[in-house]
Every structure is written in structure tokens, then in C-alpha cells.
Amino acid sequence: MSISSQDARQEGRYSFDSFDSQLLKRFLKEMLRIRVFEQRAEELTLSGKVVGGVHLAIGQEAVAVGVMMALKEEDYVTGPHRGHHILIAKGLETSKLMAELLGKETGIVGGRGGSMHMADASKGMLGVNGIVGASIVIATGAAFTAQYLIRDQAAVAFFGDGGANKGQFHESLNMASIFKLPAIYVCENNQYAVETSVEYSTAAEHIADRGAGYRMPGVIVDGLDVLDVYSAAKEARLRAGSGEGPTLIEAKTYRFKGHSIGDLENYRTREEVQEWMKNDPIIRLKLSMEELGLLDENGWNAMKTEVEQEIEAAVQFAVNSPEPNVETVMDHNFSAEVTEHA
Amino acid sequence: MRELTYASAYAEAIREEMERDPNIFVLGTDIRIRGGHFGQLKDIGKTFGHKRVVDTPISEAAMVGMSLGAALTGLRPICDLNFEDFYLGAMDEVVNQIAKVQYKFNGQFKCPVIIRASSGAARSTGPQHSQSFEAWFAHTPGLYVAMPSTPEDIKGLMKTALRGSNPVIFSTHKMLSSLKGHVPEHDYAIPFGQAKIVKPGSDVTIATYSIMVSKSLQAAAVLEKQGISAEVIDLRTIAPLDLDRIAQSVRKTKRLVIAHEAYRHGGIGAEIAASIGETVFDYLDAPIMRVGSKHSVMPVSPILQDAITPNQNDVIAAVNSVMEGVKV
């Protein structure tokens with residue numbers, strides 16, 4: 001495995017031919033599902049239907065999809081406040097996620113969490129989080145469980161370049177490394193923590209370089225290239241599963257939208273955004289597949305229609321769902337489970 | 001009758017529960033060999049080994065956050081922070097994460113994280129090793145706060161914590177570590193939210209917990225000689241808080257003094273006083289009095305430390321003031 005500061009393509013981490021067309025179609029479709037979901041979420045936010053803050057990950061789809069496809073279904077995942085792409089890639093139902101954005105009873109957490117606090121225990125999704133850096137410590141604990149119970153499970157923490165500057169990052173990486181926990185730390189370096197650029201906020205040239213300080217591989221991937229992300233995550237998952245310990249992956253990526261909906265974006269230029277958008281991870285994969293004859297216009301249109309229908313159904317489900325029952329407002333502050341033996 | 005110290009009764013609870021449930025483990029610093037800074041887990045490391053008694057680096061955020069991740073995925077961590085002051089490196093994990101995780105995810109997860117630490121002033125522990133933060137924790141929805149005052153209670157309350165599904169801030173007092181007392185031989189657990197009358201009385205109610213229970217009992221003995229009969233209630237947990245028991249007692253005694261070592265200013269005593277004022281005001285024959293620490297950083301000098309922390313004389317003075325004007 002490459003140790004930091006190496007450009008992925010120079011390393012030749014993958015060759016396109018080694019992927020079968022079905023897998024490539026899944027990558028493409030998953031990214032498209034996320035993109036369409038987020039576009040509809042943006043519209044619903046602007047029309048006032050969404051309750052609470054929403055942080056879009058448009059542009060970052062390849063990171064979530066690439067990592068998740070490299071994992072086992074039973075692996076644990078945590079994420080930061082910008083996490084719709086992670087939740088969808090982990091297999092959570094788009095209808096319940098959309099209903100949650102609208103604060104409805106049928107939402108994935110019953111209208112209690114909204115965009116920044118969604119989770120699904122049945123799918124090993126331990127939640128996205130409203131506090132920067134928190135995803136990192138929680139995944140570390142989940143990795144501890146996997147090791148304690150001797151299960152072939154890994155735990156993955158997604159966090160941003162902002163999260164990499166919190167103490168939680170450093171404490172967790174050290175802890176995971178000394179215990180050789182099956183953890184994968186995925187930094188989605190989208191270049192900005194709210195308005196603060198990574199060049200300004202981060203002393204190291206690459207966040208991946210910090211892996212060396214904790215005696216773990218620090219791998220840089222092209223976060224707009226789903227196959228590169230997938231290839232690195234696959235290696236990290238192998239390491240985790242074979243008891244070799246944690247891996248830090250830095251995905252160089254970009255958010256095409258602002259920090260949250262309504263962001264004036266006066267901290268970056270339109271040109272900069274457009275430059276990154278030339279590498280749109282969805283268009284990029286689509287074009288490559290077309291060039292290789294793995295996808296044609298009909299295939300693309302059919303995929304798009306299917307995805308749009310799914311997300312439209314999710315929107316309708318959300319809009320038509322009931323509001324939460326006010327009588328339940330105090331439920332779940334504590335588990336109602338009766339204490340055994342007491 | 002079997003007697004154990006507060007510290008060894010705690011260790012006995014942990015040992016018995018770890019034998020019962022293989023998913024219980026302890027993590028903390030200097031735990032496995034030393035048994036913690038207060039000997040609170042003496043010999044536990046020897047019995048259960050490094051897999052279940054995990055020494056960690058001094059990384060409070062990761063220790064507490066890791067405990068949460070472990071709890072969400074099926075384990076039952078006991079996170080030992082040694083000194084209560086050390087919570088501050090992990091307050092995000094306690095308040096923003098652990099306390100909220102069951103609610104914000106709509107009950108999808110249980111969160112049986114227990115965090116133990118020693119609170120209170122003791123022999124010049126000074127500004128950063130003597131604090132009592134229970135009011136902060138009790139103020140936060142989603143946390144249970146246990147404050148045992150006796151060997152019997154520390155064991156019984158810890159068993160309840162370890163058999164329940166909720167996060168518990170388990171606060172033990174440094175100066176109680178070597179306190180001896182009766183601990184039943186049979187298996188027992190003490191439910192949360194049930195205060196105990198440790199000394200019945202008829203003239204005044206003293207509601208208290210942790211170290212101030214023994215000081216209140218000493219005060220009550222002195223007051224008894226003066227002809228004042230004080231009822232001493234040990235709250236045992238302050239979240240949940242057994243306000244019913246206090247109200248019931250106040251209906252009888254007509255007077256209330258609340259005593260805790262934590263700051264009087266903004267302390268849990270203020271909450272109790274206000275709540276009792278709201279519910280049984282008509283029964284009161286005197287204003288409610290609170291006993292607590294002066295609102296100051298804790299100095300190291302023993303004389304200065306004593307000047308800040310409350311003792312039995314402060315309880316006696318408070319009781320005398322609520323009894324004023326009453327012929328006894």
C-alpha cells in the first residue's frame with residue numbers, strides 16, 4: 001500500500017479493465033441516486049419544506065460510494081454533518097431519509113434528528129453527526145467492539161478536513177493504532193471547513209501525511225474518481241480484516257455547492273468551482289464507460305429514469321407522511337428497557 | 001455482618017457483574033496493574049486480564065467516545081476517568097453524543113455507557129483535582145447521575161447501572177474511598193431515583209447525597225442533643241431525582257435544608273429548593289436553606305480548602321436558622 005503524497009494514477013492503483021461492467025454500473029447508479037436525492041433535497045429546502053440545516057455533498061458522491069462498495073454489509077459506519085451521500089451509499093432507504101429531512105414521523109429517526117442526525121441500527125449505520133470530529137471517536141469504539149467480539153467487521157469514520165484538525169482525530173488515530181483496531185479513517189478533504197480553506201487551516205501539506213505520526217498508512221486518493229477510492233478502500237478493508245490495524249485515507253474532493261443551502265460562497269471564486277466541476281465524478285465515470293462501450297445513451301437514460309422515479313417516490317412519501325405525534329416528545333431520552341435483576 | 005470499604009464494595013460489584021456478563025469491560029488509565037488512582041479497581045486487572053481491563057493513553061475524548069461506539073455496537077463499557085475534573089476533555093462526547101444518542105436516533109440504539117470518576121475535595125487536591133460537576137450532568141437530558149454515599153449503595157447502584165441500558169455518570173467521592181460499612185452477601189441492586197431515609201426525624205428534613213450524608217448525620221446527632229429531630233434523606237441519584245420523597249418528608253417536618261459539597265451557586269440544591277417551593281410551599285414554616293461550597297476556585301492550602309467546602313457545622317447552622325423562632 002502506498003504511503004501518502006503519491007498521486008493515485010501515478011501509482012497505478014487500479015486498471016479500468018479489471019472492473020466488470022455490472023460493478024461499474026452499480027458505482028454509477030449509486031452516485032446518481034445520491035446526486036438526484038440531493039438535488040431534490042435542495043429544491044425542497046429552498047421551497048421551505050425541509051426543516052433544519054442541510055449540507056449537500058454534491059461532488060463528493062464518489063467517496064461514499066467507493067468506500068462503501070469496498071466494505072462488507074455488516075461493517076459499521078459513522079459520518080459528519082454532511083452525510084446524505086454516506087447514508088444512501090450505506091443502503092438506507094431514500095424515502096425514510098427524505099421524510100426525515102421534512103421532519104416527518106416516517107423519517108429514519110422519526111423527525112428527531114433531521115439531516116445531521118440520521119442513523120439506521122439495522123444497517124450498522126451508527127449515525128452522521130452535528131459535531132465536527134465526533135464521527136471519528138465513535139467509529140473507533142465500533143472497531144473496538146469488532147475486535148473484542150472477534151468478528152470480521154470493520155468500522156469506518158467519514159469526516160472532513162475540518163474534522164482532521166480536532167483533537168478527536170489525533171486521539172482516535174493513536175488509540176486505534178496502538179490497539180490495531182479494524183478502523184478505516186476516511187477524510188473527505190473537500191477543501192473548506194465552512195469558509196476556511198484547508199491551505200489556511202492545516203499545517204501539513206496532505207492530511208494523509210499525518211498517518212505516519214500514528215504509524216498507519218496515509219493514503220491519498222482522487223476523491224472524484226470512484227474507482228480510485230474503491231481500490232484504496234479495498235486495501236484498507238483487507239488490512240482491517242487481517243488484524244494489521246487502521247488506515248487513513250484522504251480523498252481529495254470538492255463540494256460543488258456551498259457549506260449549507262443559502263451559503264453566499266464569497267470565500268471562493270466561481271472559476272475555482274468550475275475547474276473542479278470539470279471532474280464531476282458521475283460524468284467522468286459515465287464518459288469512461290461510454291468510451292469503453294460499457295454504456296450507451298439508452299442505458300444511461302434507463303438508469304436515470306429509474307433513479308428519478310425512486311427519488312420522486314421518496315419525495316411523495318415524505319410530503320404525504322404525517323407529522324410526529326406530539327405525545328411522544330419525551331420518548332427515548334432514556335431507554336425504556338426494564339432493568340434486569342434490579 | 002460483613003463490612004467492606006466503599007472502594008472494595010465498588011470493585012466487588014464490578015467483579016460480580018463482569019463474571020455475569022462477558023460484554024462488560026473497563027477502560028481507563030493506570031487501571032490494569034495499579035487498579036486506578038483510588039485503588040477503585042484493585043485486583044480486577046489480575047482477574048480479567050488486559051482484554052477486559054484495558055489501559056488506554058490519556059485521551060479522554062477518545063476514551064469516552066470509544067465507549068459510546070462500543071456501547072452502540074453491543075458492549076457495556078465502564079469508562080474510568082479517575083478524577084471528575086478529567087471529564088472536561090470529553091464533554092462533547094458526554095453531552096453532545098452520549099446523552100443525545102438514544103433520543104436523536106429515535107430509540108434505535110441503547111447506550112449503556114458508564115463513566116466513573118472521583119469528585120470532591122480531599123487533602124489539598126486543589127483547583128483541578130477536586131471539583132464536583134454533578135449539576136452540569138443532571139442539567140443534561142439523557143444522563144443518569146448516581147452519587148453513592150455508602151459501601152452498600154455503591155455496590156447496589158453500580159449493579160443497576162450495569163444491568164440497565166442507559167448512560168450513567170457514576171460519581172464517587174474521594175474521601176469516601178476507605179469508608180467502611182455493611183454490604184449484604186446476597187445479590188442486590190438499588191434502583192435509581194429512590195431516595196432513602198437514613199435517619200428519621202420530625203422537625204426538619206435534610207436532603208443530601210454523597211460525602212454530605214455522613215456530615216449531615218453527624219450534624220443530626222449534635223442537633224438531637226439540642227432537642228431538634230432531623231430527618232436525613234440520602235438522594236443516592238440526582239438524576240433521576242426523588243423529589244416525591246423529599247416533598248413527603250417536608251409535609252411532615254415543615255422545614256428543609258439541602259446539603260451538597262458542590263457549589264451552592266447554581267447547584268442541584270437550587271433545583272430541589274425551587275421544586276419543593278412549587279409543590280409543597282404551603283407546608284413550609286421557614287425558608288428553604290442550602291448548604292454548599294463557596295463560589296471559588298479550590299485552593300490547595302488545607303485551611304483554605306476547609307473554608308470553602310461545607311461541613312457538619314454548616315449543616316447545623318442552616319438547621320438552626322430554619323428552626324429560629326420555633327420553641328424546641
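**Briefing: chains A and B of a predicted model**

Over residues 31–326 of chain A, helix accounts for 46% and strand for 12%, and the end C-alpha atoms are 36 Å apart. UniProt, in an unreviewed entry, lists these residues of chain A as "domain: Dehydrogenase E1 component". The model is predicted. The points below turn to chain B, its helix α3, and the cavities found in the whole structure.

**Chain B as a whole**

- The secondary structure of chain B consists of 12 helices and 14 strands.
- A compact globule of 328 residues would have a radius of gyration near 20 Å, and the 20 Å of chain B therefore agrees with that expectation.
- The C-alpha trace of chain B spans about 65 × 45 × 40 Å along its principal axes.
- Of the 328 residues in chain B, 61% are buried.

**Annotated domain of chain B**

- An unreviewed UniProt entry assigns "domain: Transketolase-like pyrimidine-binding" to residues 4–178 of chain B.
- This span of chain B is 38% helix and 19% strand, and its end C-alpha atoms lie 9 Å apart.

**Helix α3 of chain B**

- Helix α3 of chain B comprises 13 residues, 60–72.
- At 1.5 Å a residue, α3(B) should span 18 Å; its end C-alpha atoms are 18 Å apart, so the two values agree.
- Because 13 of its 13 residues are buried, each under 20% relative accessible area, α3(B) is largely enclosed by the rest of the structure.
- Gly74(B), just after α3(B), adopts a positive phi of about 110 degrees.

**Cavities**

- Four cavities of 30 Å³ or more are found in a search of the whole structure.
- The largest cavity has a volume of about 70 Å³.
- Three elements of chain B each give two or more residues to the lining of the largest cavity: α1 (6–20), β5 (114–119) and β7 (168–173).
- With three residues, α1(B) gives the most to this lining.
- The residues lining the largest cavity are Tyr6(B), Ala7(B), Tyr10(B), Phe38(B), Gln40(B), Arg116(B), Ser118(B), Ile154(B), Thr172(B), His173(B) and Ser177(B).
- By class, five residues of the lining are nonpolar, five are polar and one is charged.

Key
Residues are numbered from 1 along each chain as its sequence is written. Chains are lettered from A and ligands numbered from 1 in the order in which they are written. This is a predicted model: local features need pLDDT of at least 70, side-chain atom pairs count only at pLDDT 80 or more; totals for chains, interfaces and linings use all residues. Side-chain values use heavy atoms; hydrogens and water are left out. UniProt positions are given in the numbering used here, feature names are shortened, and annotations may be inferred rather than shown by experiment. Helices (H or I, at least four residues) and strands (E, at least two) are DSSP runs, numbered from the N terminus. The expected span of a helix is 1.5 Å times one less than its number of residues. Buried means under 20% relative accessible area, exposed over 50%, partly exposed in between (1.4 Å probe, protein chains only). On a 1 Å grid over the protein atoms alone, a cavity is a set of points where a 1.4 Å probe fits but cannot get out, and a pocket is an open set with protein on both sides within 12 Å along at least five of seven lines; lining residues have an atom within 4 Å of a point. Grid points are joined across faces, edges and corners, and a volume is the space filled by probe spheres set on the points. Ala, Val, Leu, Ile, Met, Phe, Trp, Tyr, Cys and Pro count as nonpolar, Asp, Glu, Lys and Arg as charged, and the others, Gly among them, as polar. The radius of gyration is taken over C-alpha atoms; the globule rule is 2.2 Å times the number of residues to the power 0.38.
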